[in-house]
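User: I'm new to reading structures with two chains. Could you walk me through one?

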Amino acid sequence: MRMKSLERYTDSPDFEYATSGHRACQGCAEILALRLGLKVFGKDTIVAMATGCMEIISTPLPTTSWRLPWIHVAFENTAAVASGIESGIGILMDKGKIARKDISVVAIAGDGGTSDIGLQALSGAMERGHNFTYICVDNEAYMNTGIQRSSSTPFGAMTTTSPPGKKSIGQATQKKNMPKIAVAHNIPYVATACPSYPFDFLAKIKKAKLAKGPAYIHVLSVCPTGWRIPSDQAIHYGRLAVRTGIFPLYEVENGKYRITYSPEPLRPVSEYIKGQGRFRHLTDDLITRIQEQVNRDWQDLKSHSEMK
Amino acid sequence: MSTKKGIEVSIAAAEAAKLARVEVIAAYPITPQTHIVEHLSEIVANGELDAAYVNVESEHSAMSACVGASATGARTFTSTSAQGMELMHEILFIASAMRFPIVMAAVNRALSSPLSIWGDHSDIMAARDTGWIMLFCENGQEVVDSIILAFKIAEDRRVLLPVMVNLDGFSLSHVIEPIEFPAQEDVDRFLPPYEALYTLHPDKPITMGAYGMPELYTEAKYAQEMALRNSKAVVKEVLDEFSTEFGRKYSIVETYNIEKADTVFMALGSINENIKTAIDNLKEEGKELGLVAPRLFRPFPAAELYDVLKDKKKIVVLERAMPAGATNGPLFNEIASLAVTHGLNAQLENFILGLGGRDVEPEELMETYEQVSSSTKVSHSDNKNYGVIGVRS
């Protein structure tokens, strides 16, 4: 893939830091996001990655898909590992043991590794103010272990542990608002993004890279396998998530909200929901309920953004 | 010039980490480890040590940050106790398997519940099979010396494994002892800066922590196990080198009064000082009791223990951790295994004692000696394999 405009964001747009030959599912938007995002970070980058899809598709010993220094330690501790890396290279530069230069430390985890099991480590790392970027690639369930619900699974979605049934509508809780939690840590940069909008995404990665202190980017990563959609529809559903207002694209720079792409007038959420197998059991009543929630959340986001 | 002073052992442990010029410290406070990390914070805050102190939000993150820091090539130190060690348990395995030479002062404490902040070995015995090299200390001087030499062992290219320096909570960590501190320049000569074999750095991108498919996992674990087993020779070498440099001689198995004694006690940690007092008291009564104290617990010094135990008639293993349904306590099980594999022809006895900070007086130990001396079967019976000293049942 050669995108001329990539050159605005990266010195070597053709160089792949996430190489081909990995074992990601067809149509995986997560590996697409990382492939693009890592081009912006460039070669002076160290990646810490949580256990999850991106880890298991990329590094069966003795092979690797990463052309960057990369480490995987465990599931819940990626932000803590990144804290150690940032502290380690910092002190080694201070002591003159390694040459001083800007090295980006990037922590990457899925929605389970971020909003559930890794939340404490992430909160600690953001509070301590480490100079690093945390990317949550959110495919809205534990896809690696076979589509179990996380706190980032949207209301109504069917997963293997939130199955619809006589006494269940599927996921009965609202998606945890991770970006808002990140914002509450008063860090310099927070953003949402989706690889269906690559240049919006890349611009945000660039800001995160340049931020002094913690940056958090929450990337909606469409998962054809887990969402039960055709594998050639990942980009399409990412766009629909944004255009319906279900997943708005915005950034929060030093506390100031800015919507980076306005989808108004919002498309009805049914356009997003209808084609996805994970929502196929939803009644019109429930879809209306989701629509009302999206309307409220969108107004809420707009009111924050207008405060600037 | 070395200096000798009366100092709290925890403070001395922090000073030892400073002498080792640690570069990253990631720690979370837990009693009775707190004085170590408090003093290290102070040392870093005062600019006396060029190090990054990461105030992590849990012990799980402490060990995780240590792994990240060590992966960059920084000399890395932490300390914990009890619940904290259990919380970082998962990452202890990963630190050793990924071959990071982290050093941890483990201030041994009882595990909850009931909640107890006081000392015993239930924490370290629950973590004994995490692949770390494990040293046990009897007194403050050993703590200081062990922290310094632990880095030398850990960072040896033939080893590259993390090392835990165990010291008993309160009964050792909080006592004031006269301790000799080696001079910085001598420590620098003994322990040069850490040069990591592989690091996370953009100049040479490598992948760390790949996963193992069934066709490779066994080989990976075998390689790690061999490294741990082979580290024993390096531990011995480093102890000898330490003795040449600083004059204090340590061995991986310490003994006391074993020449004439047919009966020996075996235990880990500071309780050995009480056992020595009991031995001295018994000697005045014309009775001979010996002590065999492994300073190195992992890798287990089986051959060295066999050498000192092979002629003994009665071997009494004292441990500060409940067997939790096992046949016997963990140290006894090692000795029982040794008896079978190497052939010890001795009466083996096992006692649990000193749990949750319960004091163990030399008199109780002398009484245990008398019981064992006058019987061929004390702690074993049809329905139990060990005795619990001082328990009100």
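Analyst: Sure! Keep in mind that this is a predicted model. Let's begin with a single pair of residues: Ile71(A) has Met208(B) of β9(B) as its bridge partner.

User: How many bridges join β2(A) to strand β9 of chain B, and do the strands run parallel or antiparallel?

Analyst: There are 2 bridges between β2(A) and β9(B), which covers residues 207-208, and the strands run parallel.

User: Okay, zooming out: how many residues of each chain are in contact with the other chain?

Analyst: People have more than one way to describe an interface; its size is often given as the accessible area lost when the parts come together. Here we can count residues instead: 41 from chain A are in contact with 39 from chain B.

User: Which element gives the most to chain A's side?

Analyst: That's α3(A), with 13 residues. β1 (45-49), β2 (70-72) and α5 (119-128) of chain A also supply at least two residues each. Sorted by class, chain A's side has 22 nonpolar, 13 polar and 6 charged residues.

User: What about helices packing inside one chain? At what angle do α10 and α13 of chain B cross?

Analyst: For a helix pair, look at the distance, the angle and the handedness. The axes of α10(B) (271-284) and α13(B) (362-373) come within 8 Å and cross at roughly 60°, and the crossing is right-handed. Among the residues making this contact are Asn274(B) and Ala278(B) from α10(B), plus Leu365(B) and Tyr369(B) from α13(B).

User: And how do the residues of that contact divide by class?

Analyst: The contact of α10(B) with α13(B) has 7 nonpolar residues, 3 polar and no charged ones.

Technical notes. Residues are numbered from 1 along each chain as its sequence is written. Chains are lettered from A and ligands numbered from 1 in the order in which they are written. This is a predicted model: local features need pLDDT of at least 70, side-chain atom pairs count only at pLDDT 80 or more; totals for chains, interfaces and linings use all residues. Axes are lines fitted to C-alpha atoms, for helices over the stretch in contact, and angles run from 0 to 180 degrees between N-to-C directions. Helices (H or I, at least four residues) and strands (E, at least two) are DSSP runs, numbered from the N terminus. A crossing is left-handed if the near helix is turned anticlockwise from the far one by less than a right angle, and right-handed if clockwise. Two residues are in contact if their C-beta atoms, placed from the backbone, lie within 7 Å. Ala, Val, Leu, Ile, Met, Phe, Trp, Tyr, Cys and Pro count as nonpolar, Asp, Glu, Lys and Arg as charged, and the others, Gly among them, as polar. Two strands pair if DSSP finds at least two bridges between them.
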